[in-house]
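Subject: Structure handover, with notes on pockets and one helix contact

Hello,

The structure we discussed is below. My notes follow it.

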Amino acid sequence: MESPAFDLAFEPAYGRAVPVAPGVERITAENPGPFTFYGTNSYIVGAASVAVIDPGPEDEAHYLALMAALAGREVTHIFVSHTHRDHSPLSRRLQAATGAVTVGQGPHRSARPLRDGEINPFAESSDLAFVPDIAIGDGQTLSGDGWSLTSVATPGHTANHAAFALEGREILFSGDHVMAWSTSIVAPPDGSMADYMASLERLIARQDRLLLPGHGGPVTAPAAFLQGLKAHRLGRERAILERIRAGDRGIAEMVKAIYRDTDPKLHGAAALSVLAHIEDLVERGEIAADGPPSLAAIYRLL
C-alpha cells in the first residue's frame, strides 16, 4: 500500500529545550507510547516574551523542564492544538504560574453524537476540563513580541483540532494532524475521516516549508509528505472496498486482512480507523450498512 516516507529517527532530549528553528524551541515530555511515540512535544515561540504551544500532560518533570526553559521570560499565550490529555492538561499549572491566557478552538467536542448503545473508546483520553480563555477562530491571528500565530482549523483527529501557522516563516505547528513518524489516529465519534481528508487538502494547498508536529521530529518536505499521506488514506479506502468486494462483511474481518502485518495489540485502533473510512464511504453512497455504521455492523457494496 502506498505510504509516505515515515521518519522514526528522533532524539527526545527529555528535560531540555532544543532549538528547532530560529526563535522556536521544543521540549518533549517523557510520556512515550504507541500513540505518542517518544512523547508530546511542547514548543516555545519567541524570545523575551513568548508563547507556548501544547504544554502537554500533567507531568511534574515536564512542568519543571518547561519552567526552567521559560525562566526570565514572559509567557503571554498558551496555545492548545486539541483537547487530548497528552496535550492540554498542563496548561492549567502553566497558566497559574505565568498568568498567560489560554488559546484553542474551544472545549472538547466530538465530530458527531454518540449513537444508541455506542461507547466512545477514547473518552478517557479527552481533557473535558479545558476551556480556553480565547476561543480562536479559523484564520484568526494572535501576536506577541516578534511572533504572530494564525489558527488553521484542521478537524479530523478531533473536531476541535487546530494547527498554528507562524506568520512570515512558512512554519506550521501541525499538532497530531500530521506527524513525520506515523499517520494520525482518526477514531469516531471524536474523529471524522471526511474532516481529516478535507483538512489534509487544506494543508496541501498551504505549501509550508516546515511542519512541527505534536510527536516526533519535523516534517522537512511537507509537499511530498502530505501527498504521501493522502495516497496512503486513499489506498486504505480502496483496500476496504476490495475486502467487501471479496466477501468480508464485518470490520473485524477487514482488519485481520488489511492489518495482517500490524501488531495485534493495535488492531483495536485499526478497527476504529476502518470505521472512520466506512462512515465516509457510507455518507458518499459507496457502501451500505445494516443500520448505522458501527464496529459490529454488516456492510455491502452499493
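At what angle do helix 4 and helix 6 pack, and how far apart are their axes? Before the answer, please keep in mind that this is a predicted model.

Helix 4 covers residues 222–245 and helix 6 covers residues 267–283. Their axes are 10 Å apart, and the packing angle is about 80 degrees. Angles of 65 to 115 degrees count as roughly perpendicular, so helix 4 is roughly perpendicular to helix 6. On the helix 4 side, the contact is made by Arg 233, Arg 236, Glu 237, Ile 240 and Leu 241. Helix 6 contributes Ser 273, Val 274, His 277, Ile 278, Asp 280 and Leu 281. By class, the residues of this contact are 5 nonpolar, 2 polar and 4 charged.

Next, the pockets.

The largest pocket has a volume of about 960 Å³. Its lining consists of 35 residues, and those nearest the centre are Phe 35, Ser 182, Thr 183, Ile 185 and Leu 266. Helix 4 and helix 6 are the elements that give two or more residues to this lining. The largest share comes from helix 6, with 4 residues. Sorted by class, the lining has 15 nonpolar, 13 polar and 7 charged residues. Where does this pocket lie with respect to domain 1 (18–229) and domain 2 (238–301)? It lies between them, because both domains give residues to its lining.

The second largest pocket has a volume of about 250 Å³. There are 15 residues in its lining, of which Arg 112, Ser 192, Glu 279, Asp 280 and Glu 283 lie nearest the centre. Asp 280 is also one of the helix 6 residues in the contact with helix 4. Helix 3 (193–206) and helix 6 each supply at least two residues of the lining of this second pocket. Here too helix 6 gives the largest share, 5 residues. The classes are 7 nonpolar, 2 polar and 6 charged. Domain 1 and domain 2 both give residues to the lining of the second largest pocket, so this pocket also lies between the two domains.

To recap helix 6: it packs against helix 4 at about 80 degrees, gives the largest share of the lining of the largest pocket, and gives the largest share of the lining of the second largest pocket.

Regards

How values were computed:
Residues numbered from 1 in each chain as written. Predicted model: local features only at pLDDT ≥ 70, side-chain atom pairs only at ≥ 80, totals over all residues. Heavy atoms only, no water. Axes fitted to C-alpha atoms, helices over the stretch in contact; angles between N-to-C directions. Parallel < 35°, antiparallel > 145°, perpendicular 65-115°, else oblique. Contact = heavy atoms within 4.5 Å. Nonpolar A, V, L, I, M, F, W, Y, C, P; charged D, E, K, R; others polar. 1 Å grid on protein atoms, 1.4 Å probe; cavity = no way out; pocket = protein on both sides within 12 Å on 5 of 7 lines; lining within 4 Å. Points joined across faces, edges and corners; volume = space filled by probe spheres on them. Domains from an automatic or database assignment.
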